[in-house]
Amino acid sequence: MNAHSTTHEELHAEIADKFDTTAMATETTLLNPRFYTTDFDEMDRIDVSPVRADWDKLIAQMKSDPNKGHFKKNAEWNQIDWESMDPPLRREFIDFLVSSCTAEFSGCVLYKEMKRRGNNPDICELFNYMARDEARHAGFINDALREAGVAVNLGFLTKSKKYTYFRPRFIYYATYLSEKIGYARYITIYRHLEANPDQRFHPIFKWFKEWCNDEFSHGEAFALLMKTDPKITETLSARLWIRFFLTAVYATMWVRDHARPEFHKALGVDIDWYDQEVYRKTSEIARQIFPVELDIDHPAWLPTLRKIDAAMRDMEKGTRKGGVGGWVQSKLGAARAGLAFARLFLLPVRKNHVPASPRLEPAY
Ligand SMILES: [Fe+2]
Ligand SMILES: [Fe+2]
């Protein structure tokens with residue numbers, strides 16, 4: 001069959017054959033976004049009275065639902081010719097969308113479950129608004145995937161993806177960070193494309209500005225939740241865990257982004273620059289609540305991240321190769337990645353003086 005007689009549907013089917021996006025989203029690896037579960041009863045017992053004034057203001061803003069009409073396609077949504085997209089770019093872009101959709105949906109599932117299980121009116125109201133937002137975000141990305149014929153089956157995902165248990169304290173660290181990083185990632189891409197509109201190869205990026213404000217508010221909510229109890233952030237063990245989560249989340253982002261060279265090339269974004277920029281914004285914002293901050297300007301910071309990335313690639317190559325040789329290569333890679341991660345974790349950190357009220361407004 002020649003290209004002229006190939007229909008739209010057939011090409012869609014061809015793309016769909018290559019990308020089982022539901023399987024991609026369901027897979028549990030070190031780097032894929034995970035689904036979380038926690039001790040919902042403990043979370044339900046949070047008393048927000050120590051932060052009541054800030055809390056009520058934030059909840060009123062979420063209730064007003066500023067992005068109610070935002071996640072709808074309009075004339076700004078130009079049709080994308082998925083078929084003629086360069087295949088390596090298409091692969092990485094679909095991977096980016098699937099991973100973003102999974103991360104958004106992961107938030108939705110966790111927040112909805114908290115709302116469902118809770119009795120605390122403050123907590124239920126907050127998680128209801130956050131679940132509402134994340135459902136819109138995941139749905140909007142999935143619509144973009146649907147146009148390529150490869151939407152993720154979110155219902156199936158809810159039932160079949162493995163859930164990782166985190167104690168509430170770890171949920172606060174991880175979720176706070178992922179919300180603020182989400183904000184920093186979306187706004188950095190948005191600002192870059194605002195200055196370089198010719199590199200906006202898909203319309204979804206036009207939606208990132210209002211979108212990232214949702215993530216910003218979600219992060220604010222977790223900052224307030226952590227602020228209700230000094231034990232969550234101030235003790236020695238809290239400081240160590242925060243440091244660990246910062247290191248793990250930053251390193252994961254580095255490896256994940258560096259696996260998508262074509263995607264970043266198409267956007268005209270230097271990945272090292274982009275990741276450092278996202279770390280910088282996130283670190284500045286996190287001074288609102290975290291008493292420690294990673295030194296991303298330390299001379300060993302970037303070289304150690306590169307070592308982790310190289311080791312993880314070797315690990316993956318070994319796994320793909322299989323056999324005894326592959327097994328050895330994979331284990332050696334894992335050991336090197338572990339050592340480099342320990343080195344990154346042990347780099348000196350900066351201390352922050354956390355303000356009395358954490359509240360911030362989006363400023364980038
Ligand atoms: Fe979101
Ligand atoms: Fe969010």
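Start by colouring the two domains: the domain assignment puts domain 1 at 3–293 and domain 2 at 295–352. Keep in mind as you click around that this is a predicted model.

Now drop a centroid on each domain, using C-alpha atoms. The two centres sit 24 Å apart. Next, select the residues where the domains touch: domain 1 puts 16 residues into the contact, and domain 2 puts in twelve.

Stay on the domain 1 side and pick out its elements. Three of them give two or more residues to the side that touches domain 2: helix H11 (236–258), helix H13 (271–286) and strand E3 (292–294). Which element gives the most to this side of domain 1? Select H11, which supplies seven residues. Then colour that whole side of domain 1 by residue class, and you'll get eight nonpolar, four polar and four charged residues.

Time to zoom out. Switch to a cartoon of the protein and you have 15 helices and four strands to look through. The radius of gyration is 21 Å, close to the 21 Å that the globule rule gives for 364 residues, so the protein is as compact as a globular protein of that length. If you line the view up with the principal axes, the C-alpha trace spans about 70 × 50 × 40 Å.

Last stop: the inside and the contacts. Colour by burial, and 35% of the 364 residues count as buried. Then take the contacts with a separation of 6 or more along the chain: 80% of them are between residues 24 or more positions apart.

Terms used:
Residues are numbered from 1 along each chain as its sequence is written. Chains are lettered from A and ligands numbered from 1 in the order in which they are written. This is a predicted model: local features need pLDDT of at least 70, side-chain atom pairs count only at pLDDT 80 or more; totals for chains, interfaces and linings use all residues. Domain bounds come from an automatic or database domain assignment. Two residues are in contact if their C-beta atoms, placed from the backbone, lie within 7 Å. Ala, Val, Leu, Ile, Met, Phe, Trp, Tyr, Cys and Pro count as nonpolar, Asp, Glu, Lys and Arg as charged, and the others, Gly among them, as polar. The radius of gyration is taken over C-alpha atoms; the globule rule is 2.2 Å times the number of residues to the power 0.38. A residue is buried if 20 or more other C-beta atoms lie within 10 Å of its own, exposed if 12 or fewer, and partly exposed in between; C-beta atoms are placed from the backbone.
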